[in-house]
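Please walk through the structure below with attention to how its charged side chains pair and how its helices pack.

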Amino acid sequence: MTEMAGWQKGNDDYLAAALLWLRLKLTRLAAADTVTDEQLEQAAAAMAAAEAGNPPPALIIAAQRLGLSRFEQCIFLLCAAMELDPGMAASCAAADDPNRPYPTFSLAMRLFAKEASWDALSPEQPLRGLRVLETH
């Protein structure tokens, strides 16, 4: 396997693990009794293992270069997941509001409560300041 093919596999593994972790977190928020702590811990461990690749996955490289906090990185993942996973809109709607089948800041605050920080919305912070995402 070439170096590039190895990185691509690691990147694919990271995205698969990150999307699973995110789906589990959304499902738990929507219906707490359907996802166990053990399932979340296993998914987080798989994501961390894939994140530790050298070089790291593309999403991690982008987050590092943009200077994103852990919470901002989670928001970035949530927004990217909308394009990568066709079921993500339904998961967001189930976890937040059936009339909003997309990521919202309030959803991110509840979904990533341990990392949550209001300053992520500030225009001086990377996500908005660099126009990585826009609020409506």
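**Salt bridges and helix packing**

In this predicted model, R100 and D97 form a salt bridge whose closest N and O atoms are 3.7 Å apart. R100 counts as partly exposed because its relative accessibility is 28%, and D97 is likewise classed as partly exposed, at 22%. Salt bridges with shared partners join these two residues with D96 and R110 into one network.

Within that network, D96 forms a salt bridge with R110, where the closest N and O atoms are 2.5 Å apart. This pair links distant parts of the chain, since D96 sits in the loop between α5 and α6 whereas R110 belongs to helix α6, 14 residues apart. D96 counts as buried because its relative accessibility is 19%, while R110, at 39%, is partly exposed.

The structure holds seven salt bridges, and another of them joins K9 to D13, with the closest N and O atoms 3.0 Å apart. Both residues lie in helix α1, four residues apart, which is about one turn of the helix.

Helix α1 also packs with helix α3 (residues 58-66) at an angle of about 85°, their axes being 8 Å apart, so α1 is roughly perpendicular to α3. W7, N11 and Y14 of α1 make this contact with A58, L59 and I60 of α3, a set that by class comprises five nonpolar residues, one polar and no charged ones.

Helix α5 (residues 88-95) has M88, S91, C92, A93 and A95 as its buried residues, and these pack against α1, α4 and α6. As for confidence, α5 has the highest mean pLDDT among the elements of the chain, 95, and helix α7 (residues 126-129) the lowest, 76.

Conventions. Residues are numbered from 1 along each chain as its sequence is written. This is a predicted model: local features need pLDDT of at least 70, side-chain atom pairs count only at pLDDT 80 or more; totals for chains, interfaces and linings use all residues. Side-chain values use heavy atoms; hydrogens and water are left out. Buried means under 20% relative accessible area, exposed over 50%, partly exposed in between (1.4 Å probe, protein chains only). Helices (H or I, at least four residues) and strands (E, at least two) are DSSP runs, numbered from the N terminus. Contact means heavy atoms within 4.5 Å. pLDDT is the predictor's confidence in each residue, from 0 to 100. Axes are lines fitted to C-alpha atoms, for helices over the stretch in contact, and angles run from 0 to 180 degrees between N-to-C directions. Angles under 35 degrees count as roughly parallel, over 145 as roughly antiparallel, 65 to 115 as roughly perpendicular and the rest as oblique. Ala, Val, Leu, Ile, Met, Phe, Trp, Tyr, Cys and Pro count as nonpolar, Asp, Glu, Lys and Arg as charged, and the others, Gly among them, as polar. A salt bridge is a side-chain nitrogen of Lys or Arg within 4 Å of a carboxyl oxygen of Asp or Glu.
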